[in-house]
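Please open the model in your viewer and keep the selection panel to hand. The stops below say what to select next and what is to be found there.

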Amino acid sequence: KALQESKDGDFIQAEKDWNLFLNDNPDDAAALSNRGNIRLALGDPQGAIRDQTKAIEIFPEDLDPYLNRGIAEEALKLWEDASNDYNYVLKMNPKDVSALYNLGNVMGSIDNWTEAKRLFSQAAFSDKAIAMASSSEALAIYQLGDLELAEKKIRILIRKYPLFADA
């Protein structure tokens with residue numbers, strides 16, 4: 001029930017139902033991670049970090065809570081903590097598109113646009129590429145001062161995804 005409410009965007013009710021479920025199943029790592037995502041959506045990144053950390057303690061092999069905790073850490077501008085989580089995921093799965101992309105965001109946030117470009121490029125050209133990675137790669141190229149190449153990348157993105165809003 002809580003999972004469906006989460007998917008439907010009924011975050012307030014979903015948090016209540018995750019709480020009820022976790023009262024009976026306090027060591028369910030997936031439920032903790034899901035509640036953490038809901039807490040972040042409700043504007044409670046500290047609560048999200050607590051839930052993701054507990055999920056990691058219970059089931060450290062699952063990489064999703066590391067990604068989710070990194071997103072919550074980004075919301076608090078805890079760049080080093082987020083970077084550590086994303087790098088851990090990449091150590092375990094070097095082709096994880098979400099970790100590549102999110103770490104690229106962290107690098108851009110700390111003005112390391114060279115590294116951000118490298119990470120966005122990897123995410124954009126992976127087997128499970130996401131369009132946003134190509135857009136972010138173009139932004140990094142722009143930030144590095146190559147306006148011509150940035151424009152070329154955006155034009156390619158628009159041709160490939162004509163309805164992509166960020167392009």
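**Stop one: a buried pair and its network**

Begin by selecting Arg39 and Asp51, both of which are buried. Bear in mind throughout that this is a predicted model. Show the two side chains as sticks, and you will find that Arg39 and Asp51 meet in a salt bridge, with 3.3 Å from N to O. This pair links distant parts of the chain, since Arg39 belongs to helix 3 and Asp51 to helix 4 (residues 45-58), 12 residues apart. The assignment of Arg39 as buried rests on a relative accessibility of 15%, where the cut-off for buried is under 20%.

Keep Arg39 selected and add Glu15, which forms a salt bridge with Arg39 in which the closest N and O atoms are 3.2 Å apart. Glu15 lies in helix 2 (residues 11-24) and Arg39 in helix 3 (residues 29-41), so this pair ties together parts that are 24 residues apart in sequence. Unlike the buried Arg39, Glu15 is partly exposed, with a relative accessible area of 22%.

**Stop two: a bridge within one helix**

Now move to helix 10 (residues 147-160) and select Glu151 and Arg155, which are four residues apart and therefore separated by about one helical turn. An α-helix has 3.6 residues a turn, so residues three or four places apart point the same way. The side chains of Glu151 and Arg155 meet in a salt bridge, at 2.7 Å from N to O. Both ends are partly exposed, Glu151 with a relative accessible area of 42% and Arg155 with 48%. For the wider picture, return to the earlier selection and add Arg35, because salt bridges that share partners join Glu15, Arg35, Arg39 and Asp51 into one network. The count of salt bridges comes to nine.

**Stop three: helix 7 and its surroundings**

Next, select residues 97-109, which make up helix 7; these 13 residues reach 18 Å from the first C-alpha to the last, close to the 18 Å expected at 1.5 Å a residue. How many residues of helix 7 are buried? The helix is mostly covered, with 10 of its 13 residues buried, among them Leu100, Tyr101, Asn102, Leu103 and Met107. To see what covers these buried residues, display helix 5 (64-75), helix 6 (79-92), helix 8 (113-124) and helix 9 (131-143), which are included in that cover.

Look then at the two ends of helix 7. At the N-terminal end, Asp96 acts as a cap, with a side-chain oxygen that lies 3.1 Å from the backbone nitrogen of Ser98. Helix 7 is followed by Asp111, whose phi is positive, near 65 degrees.

**Stop four: the surface**

From helix 8, select Thr114, which is exposed, with a relative accessible area of 55%. Add Ala140 and draw a distance between the two C-alpha atoms: Thr114 and Ala140 are 7.3 Å apart in space, although 26 residues separate them in sequence.

Finish by selecting Leu139, Tyr142 and Leu147 with a surface representation, where they form a nonpolar patch with about 310 Å² of accessible area together. Of these residues, Leu147 is found in helix 10, the helix that also holds the pair Glu151 and Arg155.

Conventions
Residues numbered from 1 in each chain as written. Predicted model: local features only at pLDDT ≥ 70, side-chain atom pairs only at ≥ 80, totals over all residues. Heavy atoms only, no water. Helix = DSSP H or I, 4+ residues; strand = E, 2+ residues; numbered from the N terminus. Expected span 1.5 Å × (residues − 1). Buried < 20%, exposed > 50% of the residue type's maximum accessible area, 1.4 Å probe, protein only. Contact = heavy atoms within 4.5 Å. Polar contact = N/O pair within 3.5 Å; in protein donor to acceptor, adjacent residues only side chain to side chain. Salt bridge = Lys/Arg side-chain N within 4 Å of Asp/Glu carboxyl O. Patch = residues over 30% accessible without salt bridge, like charges linked within 9 Å, V, L, I, M, F, W, Y side chains within 5 Å. Areas by Shrake-Rupley, 256 points an atom, 1.4 Å probe, with all protein chains shown as cover.
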